[in-house]
Amino acid sequence: MSGAGMSSAVNGDPVLEIRGLCAGPEEAPILRSLDLILDRPGICVILGGSGSGKTTFLRLLNRLDEYRQGEIRILGKDIREFPVPELRRHVAMVFQNPVYFPGTVRDNLDIRREFGEAAVTEDRMKELLSLARLEDSLLDRNVSVLSGGEQQRLAFARSLLNDPEILLLDEPTSSLDGRNRDAVLRTLRDMQSARGNTLLMVTHRPEDVELLGGRTVYLLDGAFVQDPEAVRQRIEAGR
Amino acid sequence: MNGFDPAIITWTDLALAFLLILISLGVSSLFKLKIAGPMFTGAFRSFLQLTLLGYVLQFIFGIDRFWHFLLLLSAIILFAGYEGSRRQLLKIPGYYWMQVSVIAFSTTVVMGLILGLILDLEPWFNPVVSIPLAGMTMGQSLNSSSMLAKTLGTQIQARQQEIELRLSLGATRWQAVLPLLRDSVHTALIPSLNSLNTVGIVSIPGVLAGALIGGMQPMVAIKYQIMVMYLWVSGTTLACAGMALILARTFLNTEHQLRRDLLRQSPGTSK
């Protein structure tokens, strides 16, 4: 486990512990009293239809938004006890549409230099590209000419810059075609296996669940439910 | 100066000068620009406001009390805040006071230097000199800072994914928004920088023209104009930097989160 702030909290605590999590206004809640415990590193997929609160859930874990009620603990520590930038180094997020900074792949992987930090070494960049199944030769390629699949893989590589314990993935395959989608999911699975961290992905595609494996949780109208069929029907109805 | 009496201009002359506005109204009508209304209102307002200012200045120039000077400046700043608010696309809570603060800040610093260090006036705030200079500083500060606010608001709205990506990579709110602040301040300062480079060659600024017509010796008028140019640039830089910092604090909270609630509102019509 990396990061000085976290190492003291490890000692057998669950990777992620969520209790009674509520978000959105009381009269029209987006998330309703969610409970979820991930005891150890691994893959967890949250399957839910459009508007079920998947993205909101991930944004709360990354503290991009605030929750109204409940508790989120990462490795035993309440996320509100972390300085927010430090928390985000432990809990990284990949957004639904690949977002990139103008410039080359190298510029994107060396983005922390803009934050006044040391430059990322060439070896580290190559290691990150390799984890995301991208060729070293792409380092000096402009990101705008990469394919959608390559841009999404670059987003994975970049999200690993801080060596996060938890990687949040917001429908990372939604903008990809079938072949690219399967390849990207396999990359994610291999990345998790190589790094031994926790992947928490939300998706509306039951096929993603089968391909990625791991634990599956079902989200319906802002609540975790035990009935996969109800969620699948809602997804089908929305297609 | 060659027997010219600047006081020859009459109210009748001004009424005839309105023909110049009629030319613009004609062009607007010909090309259906739909700006005849605002142009007519603007021409009328500028006439009214400047006439009123003339009477106020006649009064102010006749007295030597500091609190009169201060009262007039405060009134102009409060009005400038209102003007700045009207120009914004996004309705930012407390924007009026943000605008008032940056204009007051830039004017205080610039006028403090001019009155305390550069010019040796009697009394030290001599309104004949300080009111026009402060008025120009405030006008420039208003224009540049409201333009900055408009640009920055639009930029943050358009680039919110990029900002949140920086935040999610562990950037602080300042680090996340810094590239946008730089771009916006740069854009807002371009007119001032351009005027620094073209003054005297491409354009004769209004201050210089007014001073020359008013009978001032050319070299004396030029010295004032040079000071005014420097005053413009420092005033606009301070106002833009101040506004950029205030807006960054408004759009990104202390928890390093982007206030998406401020960006969701549908933009109004630019005025």
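In this predicted model, the charged end of A:Lys77 is placed over the ring of A:Phe82, at 4.4 Å from the ring centre. A second such arrangement in chain A involves A:Arg80, whose charged end sits over the ring of A:Tyr67, 3.8 Å from its centre. Aromatic pairs number 10 over all chains, and helix H6 of chain A is mostly covered.

**Aromatic pair B:Phe66 and B:Phe125**

- Among the 10 aromatic pairs of the structure is that of B:Phe66 and B:Phe125, whose ring centres lie 5.3 Å apart.
- The planes of these two rings stand at 65 degrees, and because an angle over 60 degrees counts as edge-to-face, the pair of B:Phe66 and B:Phe125 is assigned to that class.
- This pair links distant parts of chain B, its two residues being 59 residues apart.
- B:Phe66 belongs to helix H3 (residues 66-86) of chain B, whereas B:Phe125 lies in the loop between helix H4 (95-118) and helix H5 (127-158).
- B:Phe66 is partly exposed, its relative accessible area being 34%.
- B:Phe125 has a relative accessible area of 5%, so this residue, falling under the 20% limit, is buried.
- B:Phe66 and B:Phe125 also belong to one aromatic cluster, together with B:Phe69 and B:Trp124.

**Aromatic pair B:Phe79 and B:Tyr82**

- The ring centres of B:Phe79 and B:Tyr82 are 6.1 Å apart, with the planes at 40 degrees, so this pair is tilted.
- Both B:Phe79 and B:Tyr82 are located in helix H3 of chain B, where three residues, about one turn of the helix, separate them in position.
- B:Phe79 is partly exposed, with 40% relative accessible area.
- B:Tyr82 likewise counts as partly exposed, at 43% relative accessibility.

**Helix H6 of chain A**

- Helix H6 of chain A comprises 12 residues (148-159) and reaches 17 Å from its first C-alpha to its last.
- That span is close to the 16 Å expected at 1.5 Å a residue.
- Of the 12 residues in H6(A), 10 are buried.
- The buried residues of H6(A) include A:Leu154, A:Ala155, A:Phe156 and A:Ala157, as well as A:Arg153 and A:Arg158.
- Within chain A, the cover over these buried residues includes strand S6 (91-94), helix H4 (105-109), helix H5 (122-131), strand S7 (166-170) and helix H7 (178-195).
- Chain B also takes part in covering the buried residues of H6(A), through its helix H6 (160-168).

Methods. Residues are numbered from 1 along each chain as its sequence is written. Chains are lettered from A and ligands numbered from 1 in the order in which they are written. This is a predicted model: local features need pLDDT of at least 70, side-chain atom pairs count only at pLDDT 80 or more; totals for chains, interfaces and linings use all residues. Side-chain values use heavy atoms; hydrogens and water are left out. Rings of Phe, Tyr and Trp (its six-membered ring) pair if their centres lie within 6.5 Å; planes under 30 degrees apart count as stacked, over 60 as edge-to-face and the rest as tilted. Helices (H or I, at least four residues) and strands (E, at least two) are DSSP runs, numbered from the N terminus. Buried means under 20% relative accessible area, exposed over 50%, partly exposed in between (1.4 Å probe, protein chains only). A charge sits over a ring if NZ of Lys or CZ of Arg is within 6 Å of the ring centre and within 35 degrees of the ring normal. The expected span of a helix is 1.5 Å times one less than its number of residues. Contact means heavy atoms within 4.5 Å.
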